[in-house]
Amino acid sequence: MLGNKRGNLLKDYVKDYTVFDLETTGIRSDYDSIIEISAVKVSGGKVEDTFSSLVNPGRPIPYGATKVNGISNEMVENEPALEVVFPEFMEFIGDDILVGHNIHSFDMKFIWRAAQTLFGQTVSNDYLDTLSMARRCLPQLSHYKLVDIAAYYGISTAGAHRALNDCLMNQQCFELMAKENVKSSQKLCPRCGNELKRRNGMYGEFWGCGGFPACRYTENC
């Protein structure tokens, strides 16, 4: 839903939620454009409805992006622009908690920007990032891409990097990770989603991001 304040990053499993995923022209949320947006509405851990649309970005799609997601300029040529698709997406998600893989660092930034550009507001839904969840629940893994987690659980990765396929894959991974029944008292970094670790400094104890030095977030204990 639209509002004046961004939603909070959550860490605990919920049974009712909407998984979403984007495909874009690149990785810069301040510059690149959405070219596909999909979502899967889940109730009681079961898929209830889906939403998916290609988006005409009004600009050429770089070859590198097409190589990753398979979406070409020809595919989006006659598709609606973001100002048409995004309101439909917002109506679909309503006030649901949003779930996605690496959305804290990537997808949320794109939809926050879209909401600000189109409506002068932001997306205020709380959200849960399955990348952070996987790092807590599956410490034995060496890589945490969505396809790595799916492969660990024996879930098919066919069609990966298309938004709806990734949503459906991630929904299964999310439910299975929840069944790991891992309880954690971790504090999460609000900037990058990594675990905050208690450290000692010149002025006493403080919380520092486990992603240091890439992320230098700190807060008082």
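Okay, before anything else, one bit of bookkeeping on residue classes: Ala, Val, Leu, Ile, Met, Phe, Trp, Tyr, Cys and Pro count as nonpolar, Asp, Glu, Lys and Arg as charged, and the others, Gly among them, as polar. With that in hand, the lining of the largest pocket splits into 13 nonpolar, eight polar and five charged residues. And please keep in mind throughout that this is a predicted model.

Let me stay with that pocket for a minute. Its volume comes out at about 700 Å³. There are 26 lining residues, and if you want to find the centre on screen, look for His101, Asn102, Phe106, His161 and Asp166, which are the closest to it. Which element gives the largest share of the lining? That's strand S3, with six residues. S3 covers 17-24, and it's one of four elements that each put in at least two residues; the others are helix H1, at 63-69, plus H6 and H7.

H6 and H7 bring me to the salt bridges. The count comes to four, and I'll walk through some of them.

My favourite is Arg162 with Glu36, where the closest N and O atoms are 2.8 Å apart. This pair ties together distant parts of the chain: Arg162 sits in the loop between H6 (146-152) and H7 (163-178), Glu36 is in strand S4 (residues 34-43), and the two are 126 residues apart. So are the two ends buried or exposed? Well, Glu36 is at 4% relative accessibility, so it counts as buried. Arg162 is at 24%, so that one goes down as partly exposed.

Next one: Arg28 and Asp30, whose side chains meet at 3.2 Å, N to O. Asp30 has 56% relative accessibility, so it's classed as exposed, while Arg28, at 47%, is partly exposed.

Then there's Glu195 with Lys197, at 3.6 Å between the closest N and O atoms. Here Glu195 has a relative accessible area of 28%, which makes it partly exposed, and Lys197 is partly exposed too, at 38%.

Now, Glu195 and Lys197 take us to strand S10, residues 195-201, so let's look at the sheet there. In general, strands of a sheet pair through backbone hydrogen bonds, either parallel or antiparallel. In our case it's an open sheet of four strands, ordered S9-S10-S11-S12, with antiparallel pairing. The edges are S9 and S12, the latter being 218-220, and each of those pairs on one side only.

Going across it: S9, residues 187-188, is joined to S10 by two bridges. Lys187 stands opposite Leu196 there. These two strands make a hairpin with six residues between them, and in that turn Gly193 has a positive phi of about 90°.

From S10 we go on to S11, residues 204-209, by way of six bridges. A hairpin makes this connection as well, through two residues. If you've still got Leu196 selected, look to its other partner: Leu196 stands opposite Cys209 in S11.

And then S11 to S12, with three bridges, again antiparallel. For landmarks, Trp207 faces Glu219, and Phe206 stands opposite Asn220.

Last topic, the cysteines. How many disulfides does the structure hold? Zero. Let me show you two cysteines and why they miss out. Cys215 is the one that might make you look twice: its sulfur is 3.7 Å from the closest cysteine sulfur, in Cys189, and since the cut-off for a disulfide is 2.5 Å, that's too far for a bond. Cys215 is at 10% relative accessibility, so it counts as buried.

Cys173 is a clearer call, because the closest cysteine sulfur, in Cys137, is 12 Å away, too far for a bond. Cys173 has a relative accessible area of 0%, so it's buried as well.

So, to recap where to look: the largest pocket, at about 700 Å³, the link from Arg162 to Glu36, the S9-S10-S11-S12 sheet, and those cysteines, with zero disulfides. That's what I had, thanks.

Note on methods: Residues numbered from 1 in each chain as written. Predicted model: local features only at pLDDT ≥ 70, side-chain atom pairs only at ≥ 80, totals over all residues. Heavy atoms only, no water. Pairing = 2+ DSSP bridges. Buried < 20%, exposed > 50% of the residue type's maximum accessible area, 1.4 Å probe, protein only. 1 Å grid on protein atoms, 1.4 Å probe; cavity = no way out; pocket = protein on both sides within 12 Å on 5 of 7 lines; lining within 4 Å. Points joined across faces, edges and corners; volume = space filled by probe spheres on them.
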